[in-house]
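Dear colleague,

I am handing over the structure we spoke about, with the sequence alongside. Please look through both before reading the notes that follow.

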Amino acid sequence: EGLAAPALKRLALESNNLRTRGGAALAAAMQRGALPALEELDLQDCGLDEEAGAALFEGLAAPALKRLALESNNLRTRGGAALAAAMQRGALPALEELDLQDCGLDEEAGAALFEGLAAPA
């Protein structure tokens with residue numbers, strides 16, 4: 001099953017080289033509910049690419065997450081679209097702050113994200 005941290009509210013992993021494998025492992029932990037109280041997740045400059053972004057967001061359920069920092073990762077179209085889909089299905093209901101600076105998002109990913117932001121709660 002793996003480790004769980006049910007009381008953890010902030011996880012700061014910025015400037016680590018998590019890349020695809022680390023992003024997928026974090027996604028799996030979050031998908032199985034290992035971090036239910038997590039309010040802040042900082043993944044700035046972690047070498048996450050489109051594949052890692054897609055893995056992270058495709059099954060994501062983070063009901064308490066208020067701040068998500070993803071800046072300086074290469075999420076591009078697929079990662080951005082997966083984040084948008086997560087937002088549209090209500091996976092991030094408490095989200096207050098989202099940082100996507102320098103993530104290589106293109107027109108398609110931007111449109112999907114803005115549509116996700118406009119999705120009814």
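**Helix packing**

Helices α1 and α2 pack at an angle of about 5°, and their axes are 8 Å apart. Because angles under 35 degrees count as roughly parallel, α1 is roughly parallel to α2. Please keep in mind throughout that this is a predicted model. On the α1 side the residues involved are R19, T20, G23, A24, L26, A27, M30 and Q31, and these meet E51, A52, A55 and L56 in α2. Sorted by class, the residues of this contact between α1 and α2 divide into seven nonpolar, three polar and two charged.

A second helix pair is formed by α2, which covers residues 50-58, and α3, which covers residues 76-88; these two pack at an angle of about 10°, with their axes 7 Å apart. This makes α2 roughly parallel to α3 as well. From α2 the contact draws on E50, E51, G53, A54, F57 and E58, while α3 brings R76, T77, R78, G79, A82, L83 and A86. The class make-up here is five nonpolar, three polar and five charged residues.

**The sheet**

Four strands form an open sheet, in the order β1-β2-β3-β4, and the pairing is parallel. The edges are held by β1 (10-12) and β4 (97-99), each of which pairs on one side only. On average, and with direction ignored, neighbouring strands of this sheet are turned by 5° against each other. Strand β3, residues 67-69, pairs with β4 in the parallel sense over three bridges, and within this pairing A69 stands opposite D99 in β4.

A69 deserves a second look, as it lies in strand β3 and can be followed from there to its surroundings. Its relative accessibility is 0%, so A69 counts as buried. Setting aside neighbours within four places in sequence, A69 is in contact with L41, D42, L43, Q44 and D99. A69 and S15 are 54 residues apart in sequence, and their C-alpha atoms are 12 Å apart in space.

**The nonpolar core**

The largest nonpolar core has 33 residues, of which L26, M30, L41, L43, F57, L70 and L83 touch the most other members. Helices α1 (19-31), α2, α3 and α4 (107-117) each supply at least two residues of this core, and α3 gives the most to it, with five residues.

One of these core residues, L43, can be described through its contacts: leaving aside neighbours within four places in sequence, L43 is in contact with L13, L18, L26, L48, L56, A69, L70, E71 and N73.

**Individual positions**

Is G80 buried or exposed? This glycine is placed in helix α3, and because its relative accessibility is 2%, G80 counts as buried. Apart from neighbours within four places in sequence, G80 is in contact with L75, L105, A109 and L113. For the last of these, the C-alpha atoms of G80 and L113 are separated by 6.8 Å, although the two residues are 33 residues apart along the chain.

A61, by comparison, lies in the loop between α2 and β3. With a relative accessibility of 45%, A61 counts as partly exposed. Once neighbours within four places in sequence are left aside, A61 is in contact with M30 and A91. The C-alpha atoms of A61 and A111, 50 residues apart along the chain, are separated by 22 Å.

Two further residues may be worth inspecting for their backbone angles. S15, found in the loop between β1 and α1, has a positive phi of about 60° although it is not a glycine. R19 also has a positive phi, near 50°, and is a residue other than glycine. R19 is found in helix α1, where its relative accessible area of 48% makes R19 partly exposed, and R19 is also among the α1 residues listed above as meeting α2.

With best regards

How values were computed. Residues numbered from 1 in each chain as written. Predicted model: local features only at pLDDT ≥ 70, side-chain atom pairs only at ≥ 80, totals over all residues. Heavy atoms only, no water. Pairing = 2+ DSSP bridges. Axes fitted to C-alpha atoms, helices over the stretch in contact; angles between N-to-C directions. Parallel < 35°, antiparallel > 145°, perpendicular 65-115°, else oblique. Contact = heavy atoms within 4.5 Å. Nonpolar A, V, L, I, M, F, W, Y, C, P; charged D, E, K, R; others polar. Core = buried A, V, L, I, M, F, W, Y, C linked by side-chain atoms within 4.5 Å. Buried < 20%, exposed > 50% of the residue type's maximum accessible area, 1.4 Å probe, protein only.
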